[in-house]
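Reader: I should like to go through this model by question and answer, beginning with individual residues and then turning to the cores and a sheet. Please give the reasoning behind each reply.

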Amino acid sequence: MALSGSFYTNVNSHWRVRCTWSGTQSITGNYTDVTLKTYWESTDSYGTTYTTATKNGTSTIYDYNSSGSDDTDSFTFSAKLDGQDSVLVHTQTVRVYHNSDGKKTFSMSASLSIELTLSGTYYGTVTASSGTVTLDTIPRKSTLTSSASWTAGNNLAVSISRADSSFTHTVEVYVKNSSGSYVKVATRTGIGTSTTVTFSTSENTSIFQTLNQSGSAGSMVRLYTYSGSTSIGYNDYTGTCTNASASTISLPDFNIGDSPTATITRTNSAFTHNVYVVFGSFTSSTKTGVGTSALMDNLTASSMYAQIPNSNSGTGTIYCTTYYNGVQVRAATSDTFTAKVTNSNPVFTSSQFTYEDVNSTTLGITGDKTYIVQNQSKLRVTVTSSATMKNSATFNRYVVTVNGQEKTLSQTTGYVEFDKIAASSDQTVTVTVYDSRGNSTPATQTVKVLAYSEPTLSISLTRRNKFESATTLKVSGSFSGLNSKNTIQTLVYRYKQKSDTSFGSDQTMSFTISGTTFSAIDVNLTLDNTKAWDFEIAVTDRLLTNTDPASVGTGQPIMFIDTVKKSVGIGIFPTNSDSFETIGSARFGGQTYITRKSGGQSLSLIQADFTSGGGAYNYIGFCDETGAWKSYIGHSSARDGHFTMHTTLGDVKLSAPAGNQIYATRKLYVAEAGSRFQADGQYSSTDPSGGAIRIEGYNNLLYMGTGNTNNDRNAWIQSRHLDPNYSTAMGTLSLQPLGGDLKIGSNQVVIDPKKTINTGLEIGSTSNTSAVYSFIDFHSGTTATDYDGRIICYGGSSTTGQGIMTYYGSAHNFENGYVNGLLKHESNYFVVGAYSSSYGTGYARVWYDSNGNSMNFWNQNNGKITLVASSFSTTSKREYKTNIVLDQSSALDKIKATPVYDYHMKEDLEIWAEDENGEWKFTGQYRDPTTVKKRKGLILEEAPEELNVNDEAIDLYAMTAMLWKAVQELSDKIEQRTNFLDEKKLDKPTTA
């Protein structure tokens, strides 16, 4: 689209017919006045023509009105030109009428009959044509710049953008009904650029009727544009008519019988409401035409009580329906409330129950049923008349409690019984009635209690002088008087030897009574003092019999001299002749001789001298119950004075208290074939003497032999001190097999120096005369003849450290370790550079992100690092790519929209240092920002999406490609501008 332009036709290489055109538009008239100018031109100094003849020409503007008419001008002109020259030969102006939508296309042409021979060629009529020209669209129908949406019950603001200040408008407002048809609800006329549609009551009523309680419906504003009385057309704009929110209601909790006030919150002051309450099956009458509050005095208490006969509260719902001018706006809203039961406890008093003793035995003693004997009477509590329930509640139960006991009565009248009342004083009996809601009313009476307990006994049963046969039984006691109505009936005893299974017959004892105590006449008995005796004494009052046990043991003197048996007993009578007997322990000073007696002791300690095998043995033997020895320790002159420990039962164990040692300063033998010397213990890191076996001396040997002779050996372990003067703590441990292999364990060999001296492990010969291979094989599989891993050293020379190390294995994994102090593997990344202060002051971590398919480089501060290289290359061959499309977007627009910043990275200012563990940590301090050079770049969140790498970084290759395209776009703009300027030069008219 345009309002100016040019076109031309060249004649030979030095002349042309050129036309320019321009237009002036009328918005009100919906037309463009187009002016067409025709030029005869020479394009360089060779274009001089010498003709003086008058020439003819025409210019035409085609399809200038709705009928498709053309307008043609005929004219004459002179074709004479001087050098490089431009002559305006004709100007034509035509009013071109646009279509009703403001759009228009047309075309133009000019024909000059120059009738000249130019550069040897004759030219008659030359025509220049414009082709199809599209004029700028003339704005026609006005547009609505405000929203077509509003909330029902509110006003609608209308703003209009018009093409001409003379235009006026009509606005029609529609709401879509439930069947999908638009219903006109309001019309406003004669509007300029804005108005506010204030809906009338009838219009709002129509809106709410159309919405039909829905939350929203489609809306439409139809905007008609008029130029005077002529309609230019209309545009429709759709939106949403949102229904007004229904009013909300709130009713506080209340006690049944009260008249609470409901509060209503409404969004439109014109709204009225219908309000009612539902409580169980009870529904209140409806209050209509309610504004913002309603006094709920229509809640019938008896009806509400009847809804909750088994509860002290119930939940109800209050409903509120919102109306506008009689039209329901939305579905009813509601609120829940709690209605509470009050003043509804059942009616019950102490006159409605009685109590009594129904035990005939105790009643026969007391003669009064209102007295309860402790632990003997049976108490009956009887409800004689039923309690009264209130406000629709029903009877549930009576709970009777006395002295911590509780009984339940489920009938409205009746009784409960308590077998025994343990109290010794008057008690309160409480009868509590419960209704179906759990509400209760208690009533109480005092129960008269007579204290009672079974008669008691105090018994004394003693031998004369504590051990003779003469024995005395003394008995006394007490009983409960029960208001002087109780006494002792009988007092008896019986006895037996402790070993007997049954007692003898009861023997009556005479006694006297004083108040509530009694005392028996003493009973003297003769009881064999070599035997123990059991007694039972029983006392009976009018209610109970109490039986208590007693016993007398055998007579046991501290020391007894039996002149018949010629024996002494300590704490016992001796049972053997010529013996000293005790039931306790015996302690003796000096030497003690214990000799075995046939069939006697199970342990015999014997000290003797005898000769056997050419030598004398001195020993202590340990025997079993038969007297046969099982183990001994002793000294034998036949074994070169050896001290021998021997057993036929099992191992021989030497032990010493913690911190002590067992020394062998000479030879230590394990004598029997197949035996071993086993020492329990563990090497101590602080005290080597804490081990199990200690061999001391300058050059010590531990021999291992087969036992064929006293002096043979097959292998030995030697600990030899390197310094005979013991001036240093250095030594050599030699393990030497004689004629065989040396094997240490079946799992692993641990070389663990415990001293702060230099130690090491050497593998290979130190006296080679020719080059050899030294290796370590590792076995982890099930095949004993192969190796699963191997380390080989070869190629050594006389210079230290010149050998070549070769590692064999299917894979080599380095877990959390250093390589030459510059490479460390941690978790899923490698640490490169100095890892601790002993190597430098920083390091970098390299991590592969499989999710983002990227390599990440971080410094010790957890910040990104700078990579320096001679160049960075990106793979870009076509064979590696797919889904290739040409970028049609404007890179220049994206670059212009992305700001460039100067900034610091956070790690540029943070100060980090090593902690006591050698780990880099942020110190909490920062560098002065003015001393740190700022960086320059983009912000990822503001950069074009094409540059974003995993929301973490910017793709430099993509940025370069975008810059490349932006340069191409700039180049096109420069080229277009150059051509435009060139054409402007040609448009400049030249006078003839």
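Reader: Leaving aside its neighbours within four places in sequence, with which residues is histidine 90 in contact?

Author: The model is predicted, and histidine 90 is found in its strand 6, which spans residues 86–97. With neighbours within four places in sequence left aside, the contacts of histidine 90 are Leu36, Lys37, Thr38, Ser59, Asp73 and Phe75.

Reader: Is histidine 90 buried or exposed?

Author: The cut-off for a buried residue is a relative accessible area under 20%. Histidine 90 has 15% relative accessibility, and therefore it counts as buried.

Reader: What is the length of the polar contact that joins the side chains of histidine 90 and aspartate 73?

Author: Asp73 is among the residues in contact with histidine 90. A pair of N or O atoms must lie within 3.5 Å to count as a polar contact. The side chains of histidine 90 and aspartate 73 are joined by such a contact, at 3.1 Å.

Reader: Which strand gives the most residues to the largest nonpolar core?

Author: The largest nonpolar core has 30 residues, and Trp21, Trp40, Ile61, Met108, Leu112 and Ile114 have the most contacts inside it. Among the elements that give two or more residues to this core are strand 2 (15–26), strand 3 (31–42), strand 6 and strand 7 (105–118). With seven residues, the element that gives the most to this core is strand 7.

Reader: How many residues does the other core have, the one that lies apart from it?

Author: This other core includes Ala152, Ile207, Leu211 and Val327. Its number of residues is 27.

Reader: Which residues does isoleucine 114 touch, not counting those up to four places away in sequence?

Author: Ile114 is one of the residues with the most contacts inside the largest nonpolar core. Not counting residues up to four places away in sequence, isoleucine 114 touches Val11, Trp40, Lys55, Phe77, Tyr123, Gly124 and Val126.

Reader: Which are the edge strands of the open sheet with the order 10-12-15?

Author: Three strands form this open sheet, and their pairing is antiparallel. Strand 12 (residues 156–161) pairs with strand 15 over four bridges, and serine 159 stands opposite serine 194 in strand 15. The strands that each pair on one side only, and are thus at the edge, are strand 10 (143–144) and strand 15 (194–197).

Reader: What distance separates the C-alpha atoms of threonine 240 and alanine 217?

Author: Threonine 240 lies in strand 17, residues 230–242, and is partly exposed with a relative accessible area of 33%. Its contacts beyond four places in sequence include Ala148, Trp150 and Ala217. Although threonine 240 and alanine 217 are 23 residues apart along the chain, their C-alpha atoms are separated by 5.8 Å.

Reader: Which backbone atom does the side chain of serine 480 reach at 3.0 Å?

Author: Serine 480 is found in the loop between strand 37 (470–478) and strand 38 (488–497). This serine 480 counts as buried because its relative accessibility is 12%, under the cut-off of 20%. Leaving aside neighbours within four places in sequence, serine 480 is in contact with Ala451, Tyr452, Ser453 and Asn486. At 3.0 Å, the side chain of serine 480 reaches the backbone nitrogen of serine 453.

Reader: What percentage of the residues of the protein count as buried?

Author: The secondary structure of the protein comes to six helices and 68 strands. The protein exposes about 60,500 Å², of which carbon and sulfur atoms supply 48%. Of its 992 residues, the share that count as buried is 31%.

Methods. Residues numbered from 1 in each chain as written. Predicted model: local features only at pLDDT ≥ 70, side-chain atom pairs only at ≥ 80, totals over all residues. Heavy atoms only, no water. Buried < 20%, exposed > 50% of the residue type's maximum accessible area, 1.4 Å probe, protein only. Areas by Shrake-Rupley, 256 points an atom, 1.4 Å probe, with all protein chains shown as cover. Polar contact = N/O pair within 3.5 Å; in protein donor to acceptor, adjacent residues only side chain to side chain. Contact = heavy atoms within 4.5 Å. Core = buried A, V, L, I, M, F, W, Y, C linked by side-chain atoms within 4.5 Å. Pairing = 2+ DSSP bridges.
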